[in-house]
Amino acid sequence: MKKSFLVFLLFGVGFAAVNLPAAAAPAKATPPNIIIILADDLGFGDTGCYGATRIPTPEIDRLARQGLRFTDAHATSATCTPSRYALLTGQYPWRKAGTGVLPGNAALIIDPRQTTLPGLLRQAGYTTGIVGKWHLGLGGIGGPDWNAEIRPGPLEVGFDYAFMQPATGDRVPCVYVENHRVFGLDPQDPIQVSYGQPIGNEPTGKNHPELLKMGLTLGHDGTIIDGISRIGFMTGGHAARWKDEDKADVFTAKAVDFIGRNTNRPFFLYFAAHDPHVPRVPHPRFVGKSGCGIRGDVIVEFDWCVGQIMDTLERCKLTTNTIVVLSSDNGPVIDDGYDDRAGPDLQGHRPAGPLRGGKYQVYEGGTRVPFILAWPGRVAPGVSDALVCLVDFSASFAALTGQSIPAGQAADSVNVLPALLGESRTGRPHLVEHDGGRMFGYRNGLWKWIAPGAQPRPGIASRGALYNLSGDLGETNDLGVAQPERGRQLATELDSALQPAKSPQ
Ligand code: CA
């Protein structure tokens, strides 16, 4: 640990000498805290600083004014589990089987022997915590026993503290897990979970739709918890069940607590909010606040969470030396299985902004996400069009903190630290985009290739599609016929990228 701090010290002072007035240099001796605020399904066009006019996001806009706002930042994948797997491991998720969207009783998909982002930062002397959505599985083969110690989980892959929802809001079990235990569980009322046959005798959305406070459009017809039916079945654990309306408050309070406990040492907080994922259930104080329907309201709620984190940093006098990254795990979706009027109430709002597609899709709208990095003591505010990806955190923050990555680990993570700090406009040279399943896109600069999938997809020619995002950000003009050579070249590069990675870049 000593050695790593020394490396950081030299590294940090080197930066300071070049870029900061002499008076500011001593502050660089302390490694910056790092907070990653990850929204769930927040689109490229959903916030004011990215062009939204109908949803007020003053806190996110404030963060953008303090920091660098990236216009070509991506998640690896257009769905939750693979995107989050990549963020924490530095590995493209499609390299590993079983990294698709997980049921709520899945086993942990990160190997505890893997190098992870929190593990690297813990090695650098950071205290590490996750608050919010996990959705990377818990427990060994066969999944977790919800009534006993739940391990392995976040604490076995690099986190010192965890307070989380195991999967998604629309999947059972609808309880929080703190470290190795279900939070607030009454041992006399054990939890059982099934993603096969129904269990218990509680009503389901399928059999008792009259009990629902939010209707269904697709799936989600399992056990009804708090008037909303979920994917899967559960029984027991009544005292531990969450209230959907309170989740943003609960997660934010836990995040604020974590920051407050760690003001005198470097910390890494992965704050994985639930909003605006379904089911969209804002606290009553946010209902109607967007003028743009319930999806807008939960974005306003998320914005409030961001403001609470920023205010906490200011109160603790940590703003200057804390890196705050705000992003999203994938692009937006309107109807994701519940009849919540998200579509009719959009009022002209465009969640993906100028981009085509959204969640589950390989178009830019699926993976290109909002991405703000603020570090007021170090990074000048501005806008960057560098190509960066959430998979790059491992290599970039390892470089920042003087950590080395073992051979073969985090092998898809590119050190884009100069771009993240605003010192370079050059990010990664290329990027594989992934719909979350088996569809792939490939970016080389502003050229984009979409490979033909195994099954036909609407709008994508069977030979694949080629776009020049310079002037065609919306991917409307397929140049595959006009420029077949370029298409073939990009297809070859994609095939090469899909081969197993050899070493960290
Ligand atoms: Ca998501």
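Here are a few worked exercises on a predicted model.

**Exercise 1: helix H6 and its two partners**

Task: Work out how H5 and H6 are oriented to each other, and which residues make the contact.

Solution:
- Start with the geometry. H5 (residues 247–261) and H6 (residues 293–315) pack at about 15°, and their axes are 10 Å apart.
- Angles under 35 degrees count as roughly parallel, so that's what H5 and H6 are.
- Then there's the hand: the H5/H6 crossing is right-handed.
- Now pick out the contact. On the H5 side you'll find Ala 248, Asp 249, Thr 252, Ala 255, Val 256 and Ile 259. They meet Glu 301, Trp 304, Cys 305, Gln 308, Ile 309, Thr 312, Leu 313 and Arg 315 of H6.
- Sort the residues of this contact by type and you get eight nonpolar, three polar and three charged.

Task: Do the exercise again for H2 and H6: what is the crossing angle, and which residues make the contact?

Solution:
- The axes of H2 (residues 58–66) and H6 cross at roughly 50° and come within 7 Å.
- That angle makes H2 oblique to H6.
- H2 brings Pro 58, Glu 59, Ile 60, Arg 62, Leu 63 and Gln 66 to the contact. H6 answers with Phe 302, Asp 303, Val 306, Gly 307, Met 310, Asp 311 and Glu 314.
- The H2/H6 contact residues split into six nonpolar, two polar and five charged.

**Exercise 2: a residue in H6**

Task: Decide whether Val 300 is buried or exposed, and list what it touches.

Solution:
- First place the residue: Val 300 sits in helix H6.
- Its relative accessible area is 12%. Buried means under 20%, so Val 300 is buried.
- Leaving out residues up to four places away in sequence, Val 300 touches Ile 55, Pro 56, Phe 286, Lys 289 and Ser 290.

**Exercise 3: a residue in a loop**

Task: Run the buried-or-exposed check on Arg 113, then find its C-alpha distance to Gln 409.

Solution:
- Arg 113 belongs to the loop between helix H3 (80–89) and helix H4 (117–123).
- With a relative accessible area of 73%, Arg 113 is exposed.
- Along the sequence, Arg 113 and Gln 409 are 296 residues apart; in space their C-alpha atoms are 9.9 Å apart.

**Exercise 4: strand S4**

Task: Find out how many residues of S4 are buried, and which strands pair with it.

Solution:
- Seven of the seven residues of S4 (residues 127–133) are buried, so the strand is largely enclosed by the rest of the structure.
- S4 pairs with S13 (residues 267–272) in the parallel sense over six bridges. In this pairing, Val 131 stands opposite Phe 271.
- S4 also runs parallel to S5 (residues 161–165), with five bridges joining the two. Here Lys 133 faces Gln 165.

**Exercise 5: a four-stranded sheet**

Task: Give the strand order of the open sheet of four strands, say which strands are at its edges, and place H10.

Solution:
- The order is S19-S20-S21-S22, with antiparallel pairing.
- S19 (430–434) and S22 (465–468) stand at the edges; each has a single partner strand, so one side of each has no neighbour in the sheet.
- Neighbouring strands of this sheet are turned by 20° against each other on average, ignoring direction.
- Zoom in on S20 (residues 440–444) and S21 (residues 447–450): four bridges join this antiparallel pair. Tyr 442 has Trp 449 in S21 as its bridge partner.
- Finally, H10 (residues 484–497) lies across S19, S20, S21 and S22, running at about 110° to S20.

Key
Residues numbered from 1 in each chain as written. Predicted model: local features only at pLDDT ≥ 70, side-chain atom pairs only at ≥ 80, totals over all residues. Heavy atoms only, no water. Axes fitted to C-alpha atoms, helices over the stretch in contact; angles between N-to-C directions. Parallel < 35°, antiparallel > 145°, perpendicular 65-115°, else oblique. Left-handed = near helix turned anticlockwise from the far one by under 90°. Contact = heavy atoms within 4.5 Å. Nonpolar A, V, L, I, M, F, W, Y, C, P; charged D, E, K, R; others polar. Buried < 20%, exposed > 50% of the residue type's maximum accessible area, 1.4 Å probe, protein only. Pairing = 2+ DSSP bridges.
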